[in-house]
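Subject: The structure I promised you

Hi,

Here is the structure we talked about. Have a look at it first, and then read on for what I found.

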Amino acid sequence: MAEIAEQTTDPLALLSERTAGLVESAAQSIVAVQGGRRSTSGIHWRAGVIVTAEEALERDDDIALLLPDGRQVTATLAGRDPTTDVAVLRFQPDGLPVAVRGDAAALRPGHWILAVGRHRAGAIASQGIVSIAGPPWQSQQGGTIDRLIRLDLSLSLGGEGGAVIDAGGRVLGMAVLGPRRRVLTIPTSTIDRAVERLLAKGHVARAYLGASLEAVRLGAPSEKRGVLVVGLDPEGPAARAGLLVGDIVTQWDGASVSRVRDIWRALGSDNVGAAVALTLVRGGKPETAQVTLGERPVS
């Protein structure tokens, strides 16, 4: 009996039990997602709605979910948003609890966190800390992520798309793999915004310029760069604004443009319908143009 009392008051044993309990509780709202050659994880975000990592979901149909009780059910794709790495699935929840969510805005470097996912063998977990908790940022695809949250942990195989939880067991976001396979968190607020748009329209609108572009130098290597217009959609916003093939864009609303990515990142969902002032070089002479951005056609 003395040994049992000693074990139950051991701080490390108590921490271990507490950690296991947090994983067990959070995992009740986590499913395994079979949407391609490998299984990933997904979070029961709201009744009948699963969110998972868009980049890891390899197909749009024939998607299966493995529930915590071992049942396998089918799911349908409600929509994808590659700009925020969020995919939304619909299914019949049949009593599956919804994740208890928190706010990632309070995270600071050093905070202890867990990443919780699921595969066929059961729940999977990784433990670590927040290494970076920074301001909003834009993905390479032009999506706005409400906070830059990088985690210092090794994401378990199949854990991508799973939940990042705090010491209170609240889901603060979704674990995804970023550049160089660094583990990032897509915050709950970003996911909520993507879920609303995907459930309403099946896709997230993106602003549309209607021009094919290529980075160029305007002179010697040490001089300015710009973005060359190499093609135009004849019915697109750029053509309607009078841009021509051969124009070189050097500024976008007063900000210098040196790479195609500079423009790509400006074509986010919030800029549909926005009026943009462009500074151009045409035939060696400066020009200006006002372009009203459209909405990118859904392919």
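Let me start with one residue, Asp-247: at 1% relative accessibility, this acidic side chain counts as buried. Keep in mind throughout that this is a predicted model. You'll find Asp-247 in the loop between α4 (237–240) and β18 (248–252). What does the side chain of Asp-247 reach? The backbone nitrogen of Leu-244, at 2.8 Å. Leaving out residues up to four places away in sequence, Asp-247 touches Val-227, Leu-228, Val-229, Leu-280, Val-281 and Arg-282.

Now the barrel. Six strands close up in the order β7-β8-β11-β14-β13-β12, with antiparallel pairing. On average, neighbouring strands of this sheet are turned by 45 degrees against each other, ignoring direction. One pair to click on is β13 (residues 171–177) with β14 (residues 183–187), which are antiparallel and share five bridges. There, Met-174 stands opposite Ile-186 in β14.

Two helices pack on this sheet. Helix α2 (residues 11–26) touches β7 (112–119), β8 (122–133) and β12 (163–165), and its direction makes about 50 degrees with that of β7. Helix α3 (residues 188–201) touches β13 and β14, at about 60 degrees to the direction of β14.

On to the nonpolar side chains. In soluble globular proteins, these tend to be buried together. The largest nonpolar core here has 30 residues, and those with the most contacts inside it are Ile-43, Val-86, Val-88, Val-116, Ile-165 and Ile-191. Helix α3 gives the largest share of this core, four residues. Apart from it lies another core, of 18 residues, including Val-227, Val-257, Leu-267 and Leu-278. Back in the largest core, Val-116 is a nice one to display: not counting residues up to four places away in sequence, Val-116 touches Val-23, Ala-26, Ala-27, Ile-30, Ile-124, Gly-162, Ala-163 and Ile-165.

As for charges, the structure holds 13 salt bridges. Here are three of them:

- Glu-58 and Arg-37 meet at 3.5 Å, N to O. Glu-58 sits in the loop between β3 (49–53) and β4 (63–66) and Arg-37 in the loop between β1 (30–34) and β2 (39–46), so the pair ties together parts that are 21 residues apart in sequence. Glu-58 is partly exposed at 38%, while Arg-37 is exposed at 77%.
- Arg-80 and Asp-60 meet at 2.8 Å, N to O. Arg-80 is in strand β5 and Asp-60 in the loop between β3 and β4, so this pair ties together parts 20 residues apart in sequence. Arg-80 is buried at 18% relative accessible area, whereas Asp-60 is partly exposed at 47%. Glu-54 joins in too, as Glu-54, Asp-60 and Arg-80 are linked in a network of salt bridges.
- Asp-146 and Arg-193 meet at 3.0 Å, N to O. This pair links distant parts of the chain, with Asp-146 in the loop between β10 (144–145) and β11 (149–152) and Arg-193 in helix α3, 47 residues apart. Arg-193 is partly exposed, at 30%.

Last, the backbone. Asp-85 has a positive phi of about 65 degrees although it is not a glycine. Asp-85 lies in the loop between β5 (72–81) and β6 (86–90) and counts as buried at 11%. Arg-180 also has a positive phi, of about 60 degrees, without being a glycine. Arg-180 is in the loop between β13 and β14 and is exposed, at 73%.

Cheers

How values were computed: Residues are numbered from 1 along each chain as its sequence is written. This is a predicted model: local features need pLDDT of at least 70, side-chain atom pairs count only at pLDDT 80 or more; totals for chains, interfaces and linings use all residues. Side-chain values use heavy atoms; hydrogens and water are left out. Two strands pair if DSSP finds at least two bridges between them. Axes are lines fitted to C-alpha atoms, for helices over the stretch in contact, and angles run from 0 to 180 degrees between N-to-C directions. Contact means heavy atoms within 4.5 Å. A nonpolar core is a set of buried Ala, Val, Leu, Ile, Met, Phe, Trp, Tyr and Cys residues joined through side-chain atoms within 4.5 Å. Buried means under 20% relative accessible area, exposed over 50%, partly exposed in between (1.4 Å probe, protein chains only). A polar contact is a pair of N or O atoms within 3.5 Å; within protein, one must be able to donate a hydrogen and the other to accept it, and residues adjacent in sequence count only if both atoms are side-chain atoms. A salt bridge is a side-chain nitrogen of Lys or Arg within 4 Å of a carboxyl oxygen of Asp or Glu.
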